[in-house]
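Good morning, and thank you for the opportunity to speak. Please look at the structure as I bring it up, and keep it in view while I go through its main features.

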Amino acid sequence: MGCFQFLKFMMFAFNGIIFLAGAAILGVGIWVKVDSGSVLTFLGKIDNMPAELSQVLNVGYLLIAIGILLVVIGFLGCCGAMRESKCMLLLFFIIVLLIFIAEVAGAVVILVFRPLAEELFNKIGQEAVKSIKQGYGNNTDITGLWNSTMSTFKCCGFYNSSEFKESPYYKNHNNTFPPQCCLNPGSPCTNGTVTGCFPKIRKLIDDNTAAIVGVALGIAALELCAMAVSMILYCRIKSESV
């Protein structure tokens, strides 16, 4: 019975964390949809943006869906363990199993269709550069959101600072770059030396690939453990009720 109570407590604690994480993700998703000044809104305003980007623009809905799913899983796990409900535990197991299968399928799809992702990023880059050349300096939405993006990531332009040479800002400010493009923003920026946003973000991801893979494997291991514990509790409760 001591082992059974320990498993119940671990199930409750683990799913309590899942419940809180789901609530946090749900809040972020709602914030993304409400925040009209987000980078996603900016991307949506760029003309001729690739149609494939529509899925990215719906990231707020994706976060909301993930948050709700995690809240439901956490609730089922906590209540199923503490109330010793076979129905809740079985439903918890089925949901986690489906998520695990979907994650494995998603990983396979990413590996198979990686060249298509590269092509999509190239299309996004072309339209982002076009938005700088046509709107940076005379379109308040594009200018403000590019400034926010560059200040946040400490970068300049999509690929590099040369994209601003054909922008209205460059022509209207005596052939100078935005302040974010220079290491010393206090003086006029005549030679952009800061790295572009896309190369910087890509380098950040490449440098942390091992950590990302480790986190993914850790999540998969936790899911397997959660399924195993839920089945142990389910069978134990069933055997005790006989």
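Of the 242 residues in this chain, 33% are buried. I should say at once that this is a predicted model. The chain exposes about 14300 Å², and carbon and sulfur atoms supply 69% of that area.

Let us begin with the overall build. How many helices and how many strands are there in the chain? There are ten helices and zero strands. Read from the N terminus, the elements therefore run as α-α-α-α-α-α-α-α-α-α. Among the contacts with a separation of 6 or more, 69% join residues that are 24 or more positions apart.

The unreviewed UniProt entry carries the annotation "transmembrane region" for residues 12-32, 59-82, 89-113 and 210-235. I will take two of these spans. Residues 89-113 are 96% helix and 0% strand, with end C-alpha atoms 36 Å apart. Residues 210-235 are 100% helix and 0% strand, and here the end C-alpha atoms lie 37 Å apart.

I turn now to the interior. The largest nonpolar core has 22 residues, and those with the most contacts inside it are Tyr136, Trp146, Met150, Phe158, Phe164, Phe177 and Cys181. Which elements give two or more residues to this core? They are α6 (114-135), α7 (140-153), α8 (168-172) and α9 (197-207). Helix α6 provides the largest share, five residues. Apart from this core lies another, of 19 residues, including Leu76, Val96, Ala226 and Leu233.

Please find Phe158 on the screen. Leaving aside its neighbours within four places in sequence, Phe158 has contacts that include Ile124, Ala128, Val129 and Ile132. Trp146, Cys197 and Phe198 are also among the residues that Phe158 contacts.

Next, consider Glu223, which lies in helix α10 (residues 209-241). Is Glu223 buried or exposed? Its relative accessible area is 12%, which is under the 20% limit, so Glu223 is buried. Not counting residues up to four places away in sequence, Glu223 touches Val96, Ile99, Phe100 and Glu103.

The surface offers a contrast. Val104, Val108, Val109, Leu111, Val112, Phe113 and Leu116 make a nonpolar surface patch of about 650 Å². Helix α5 (residues 86-112) gives the largest share of the patch, five residues. One member, Val112, lies in helix α5. Val112 counts as exposed because its relative accessibility is 53%, and the limit for that term is over 50%.

Finally, let us consider charged residues. Side chains of opposite charge can pair when their charged atoms come close. The count of salt bridges is five, and I will describe three of them.

In the first example, the side chains of Lys123 and Glu119 meet at 3.9 Å, N to O. Both residues lie in helix α6, four residues apart, or about one turn of the helix. Lys123 is partly exposed at 32% relative accessibility, and Glu119 is partly exposed at 41%.

Next, Glu127 and Lys130 form a salt bridge at 3.7 Å, N to O. Because they are three residues apart in helix α6, about one helical turn separates them. Glu127 counts as buried at 10% relative accessibility, whereas Lys130 is partly exposed at 32%.

In the last example, Asp207 and Lys203 meet at 2.8 Å, N to O. They are four residues apart in helix α9, so about one helical turn lies between them. Asp207 is exposed, with a relative accessible area of 53%.

Key: Residues are numbered from 1 along each chain as its sequence is written. This is a predicted model: local features need pLDDT of at least 70, side-chain atom pairs count only at pLDDT 80 or more; totals for chains, interfaces and linings use all residues. Side-chain values use heavy atoms; hydrogens and water are left out. UniProt positions are given in the numbering used here, feature names are shortened, and annotations may be inferred rather than shown by experiment. Buried means under 20% relative accessible area, exposed over 50%, partly exposed in between (1.4 Å probe, protein chains only). Contact means heavy atoms within 4.5 Å. Accessible areas come from the Shrake-Rupley method with a 1.4 Å probe; for residues, only the protein chains shown count as cover. A nonpolar core is a set of buried Ala, Val, Leu, Ile, Met, Phe, Trp, Tyr and Cys residues joined through side-chain atoms within 4.5 Å. Patches are made of residues with over 30% relative accessible area and no salt bridge: like charges are joined within 9 Å, nonpolar side chains (Val, Leu, Ile, Met, Phe, Trp, Tyr) within 5 Å. A salt bridge is a side-chain nitrogen of Lys or Arg within 4 Å of a carboxyl oxygen of Asp or Glu.
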